[in-house]
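Visitor: I am new to this structure and would like to go through it by question and answer. Please show it first.

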Amino acid sequence: MKVFCGRANPTTGSVEWLEEDEHYDYHQEIARSSYADMLHDKDRNMKYYQGIRAAVSRVKDRGQKALVLDIGTGTGLLSMMAVTAGADFCYAIEVFKPMADAAVKIVEKNGFSDKIKVINKHSTEVTVGPDGDMPCRANILITELFDTELIGEGALPSYEHAHRHLVQANCEAVPHRATVYAQLVESRRMWSWNKLFPIRVQTSRGERVIIPPLELERCPGAPSVCDIQLNQVSPADFTILSDVLPMFSVDFSKQVSSSAACHSRQFEPLVSGRAQVVLSWWDIEMDPEGKIKCTMAPSWAHSDPEELQWRDHWMQCVYFLPQEEPVVQGLALCLVAYHDDYCVWYSLQKTSPEKNGRVHPVRPVCDCQAHLLWNRPRFGEINDRNRTDQYIQALRTVLKPDSVCLCVSDGSLLSMLAYHLGVEQVFTIENSAVSHRLMKKIFKANHLEDKINIIEKRPELLTPADLEGKKVSLLLGEPFFTTSLLPWHNLYFWYVRTAVDQHLGPGAVVMPQAASLHVVVVEFRDLWRIRSPCGDCEGFDVHIMDDMIKRALDFRESKEAEPHPLWEYPCRSLSEPQQILTFDFRQPVPLQPIHAEGTIELRRCGRSHGAVLWMEYHLTADSTVSTGLLKSAEDEGDCCWNPHCKQAVYFFNTTLDPRAPPGSSQTVTYTVEFHPHTGDITMDFTLSDALDSGC
């Protein structure tokens, strides 16, 4: 059987559906999953184990058999913990078939096949009765159904169904309870991820200001949560306006409802300011007394920051208020948390919703188009004043009063900058309906609807009539395209430049004029855990899971680099950054591959966890924009990454074993090739063992 899978095509700038082997999606799911991260989360594992032991003991103390229902068993780890703690039998539910098959093997390997039954179904399909999957209801409910938002993976509907159909009334539950916390802050940096700020441009005719449409300013934004490693946001980037507020709790030992609800908390602002953002996280208590607690609190709200557990499968949430609101120190307000079965959102009100009658507003939805086209990092990139200034300065050096400019980037403001800087005529290609509608609104808000011509078609279909019979003297791009996943996917700009070659006039300028691919070898502080084998987890052998992940990582696309926003994941450079490929946009895409191979010398001691790759765009001979490293590493090698872009990480599997000694290699050899017919870049990195690491 074949399946269709979406894959970015850098030659067309679109996502294409390709026919793949039926196991393709499985390999991708496993290779990119957080299973390794969860198994390495010792705090999570220990707290679950303690909670399971306590729950089994309480049931046994009542003279009952301990019958466990484990929903979302994964590797079967929690079920094996339960049997080891004395449970009489466990029903381990896992809907993902490859994972269920692995769980069966892991359970057998550890000698628990007689006490654990793995059921490959969604929990809502499990039956109870003489001929059912379970002969009777369980009296202990163990689950790990949570995401960073707590309820985003459908925890509430799953619990609701389990209590109605699969477990006994007043069952024991591990975890027993979850509590969601919130803290109101003012943060220009985080607010820039959600709103478009005015952009000031100094021109020969005075200052011009690009303003957002009123519709965009009033839009509540995207309904999806912004989940980040909040500890990597500098304290200087936000001002705390409230204490940490417990917003709502869910008791998992009782009937749970997935119906929409709201919860309000009155508070007095600690300082005056502008309320913009709600920071949120949760904790889970594994026992009824709340003595066994696992918390996602950031460092400043953690009871013991020294014991802070790094994890990537559960982070912290950033929510944006519909509008920024002024708050006055000491003047009481209500922060309101709303949720339905899958989403949480917030509002700030003067009184509680129960008093003003607005208890269940609908989930916020973007109606301005911007949040559909631009993700949060893209908003931040557009609002980055330093980056904008760099483009303005580069434009000044290439523009002429009679320039005819064609702008090619999705939802870019470069066309407006070019117009304000004096270009005679500006065209911009927006080949998606969403970007076309958004740019029309922005142009209209700035009275430029008659000054900039929007062309809604694919670049290869461009005709002389679209350009009013004129030849382009300046082809302009950031470049940015919404379908780009890896840094080099924005090389679609090169393919566009090739497609419109016939429309370029003699001596036409292309900006950026070139791009280059760069690499550095790094040691991650924590991110290595997501790809590291676990072997033994809390005394249970999970090598089968390690082998399963390795096989998935050896499966074609999974061997390639993967995107990560490295500003959230500290690392040290072990080598100097190195340029490995160049792409000359002044010429069309070549017919032959561009190939490079070489050696990277490691200059610092440490574990070589992987190679980080990024693109740099050379706007002019004297101006370069980096999507990766922003400055040279300091003495210790600490890296400073572009916060608006994802970099590509190629993990070295041989160094991800935490038991491997540091400094075990001295050089890294690489082979990298750009394939013009597909737009792909393939790569291979090999670590050479050092006879003397010098560490």
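Visitor: Is His447 buried or exposed?

Guide: This is a predicted model, and the answers describe that model. His447 sits in the loop between α14 and β22. Exposed means over 50% relative accessible area. His447 has 65% relative accessibility, so the residue counts as exposed.

Visitor: What is the phi of His447 near?

Guide: Most residues other than glycine have a negative phi. His447 is a residue other than glycine, yet its phi is positive, near 60 degrees.

Visitor: Which strand holds Asn170, and is Asn170 buried or exposed?

Guide: Asn170 also has a positive phi, about 60 degrees, although it is not a glycine. Its place is in strand β7, residues 167-174. The relative accessibility of Asn170 is 65%, so Asn170 counts as exposed.

Visitor: Is Ser435 buried or exposed?

Guide: Ser435 belongs to helix α14, residues 433-445. Buried means under 20% relative accessible area. Ser435 has 1% relative accessibility, so the residue counts as buried.

Visitor: With which side chain does that of Ser435 make a polar contact?

Guide: Apart from neighbours within four places in sequence, Ser435 touches Leu373, Gly411 and Glu430. A polar contact of 3.1 Å links the side chain of Ser435 to that of Glu430.

Visitor: In what order do the five strands of the open sheet lie?

Guide: The edge strands are β22 (452-455) and β24 (504-511), each paired on one side only. The pairing in this sheet is parallel. Averaged and with direction ignored, neighbouring strands are turned by 20 degrees against each other. The order is β22-β21-β20-β23-β24.

Visitor: Which residue of β24 is the bridge partner of Leu476?

Guide: Strand β23 covers residues 472-476 and pairs with β24 in the parallel sense, over four bridges. The partner of Leu476 in β24 is Met511.

Visitor: What angle does helix α15 make with the direction of β24?

Guide: Another helix, α12 (residues 385-398), lies across β23 and β24 and runs at about 160 degrees to β24. Helix α15 (residues 492-499) packs on the sheet and touches β20 (404-408), β23 and β24. Its direction makes an angle with that of β24 of about 175 degrees.

Visitor: How many of the eight residues of α15 are buried?

Guide: The buried residues of α15 are Tyr492, Phe493, Trp494, Tyr495, Val496 and Arg497. The helix is largely enclosed by the rest of the structure because the number of buried residues, out of eight, is six.

Visitor: Which residue does a cis peptide bond join to Glu478?

Guide: Most peptide bonds are trans. The bond that follows Glu478 is cis, with omega about -10 degrees. The residue joined to Glu478 lies in the loop between β23 and α15, and it is Pro479.

Visitor: What is omega near for the peptide bond from Met511 to Pro512?

Guide: Pro512 lies in the loop between β24 and β25 (514-524). The bond from Met511 to Pro512 is cis, with omega near 5 degrees.

Visitor: How many residues of β4 are buried?

Guide: Strand β4 takes in residues 89-93. Parallel to β4 run β3 (residues 67-71), joined to β4 by five bridges, and β5 (residues 116-119), joined to β4 by four. Strand β4 is mostly covered, and of its five residues the buried ones number four.

Visitor: Which residue of β5 stands opposite Tyr91?

Guide: In β3, Leu69 stands opposite Tyr91. The chain passes from β3 through helix α4 (residues 77-84) to β4 in a right-handed β-α-β crossover. β4, α5 and β5 also form a right-handed β-α-β unit. The residue of β5 opposite Tyr91 is Lys117.

Visitor: How far apart are the axes of α5 and α16?

Guide: Helices α5 (residues 97-109) and α16 (residues 543-553) pack at an angle of about 145 degrees. The contact residues include Met99 and Ile106 of α5 and Met548 of α16. They divide into seven nonpolar, no polar and two charged. The axes are apart by 9 Å.

Visitor: What is the relative accessible area of Lys121?

Guide: Lys121 is in the loop between β5 and β6 (138-143). Outside its neighbours within four places in sequence, Lys121 is in contact with Ile93, Glu94, Val95, Val126 and Asp133. Lys121 counts as partly exposed, with a relative accessible area of 27%.

Technical notes. Residues are numbered from 1 along each chain as its sequence is written. This is a predicted model: local features need pLDDT of at least 70, side-chain atom pairs count only at pLDDT 80 or more; totals for chains, interfaces and linings use all residues. Side-chain values use heavy atoms; hydrogens and water are left out. Two strands pair if DSSP finds at least two bridges between them. Helices (H or I, at least four residues) and strands (E, at least two) are DSSP runs, numbered from the N terminus. Axes are lines fitted to C-alpha atoms, for helices over the stretch in contact, and angles run from 0 to 180 degrees between N-to-C directions. Contact means heavy atoms within 4.5 Å. Ala, Val, Leu, Ile, Met, Phe, Trp, Tyr, Cys and Pro count as nonpolar, Asp, Glu, Lys and Arg as charged, and the others, Gly among them, as polar. Buried means under 20% relative accessible area, exposed over 50%, partly exposed in between (1.4 Å probe, protein chains only). A polar contact is a pair of N or O atoms within 3.5 Å; within protein, one must be able to donate a hydrogen and the other to accept it, and residues adjacent in sequence count only if both atoms are side-chain atoms. A crossover is right-handed if, with the strands pointing away from the viewer, the path from the first strand over the helix to the second runs clockwise.
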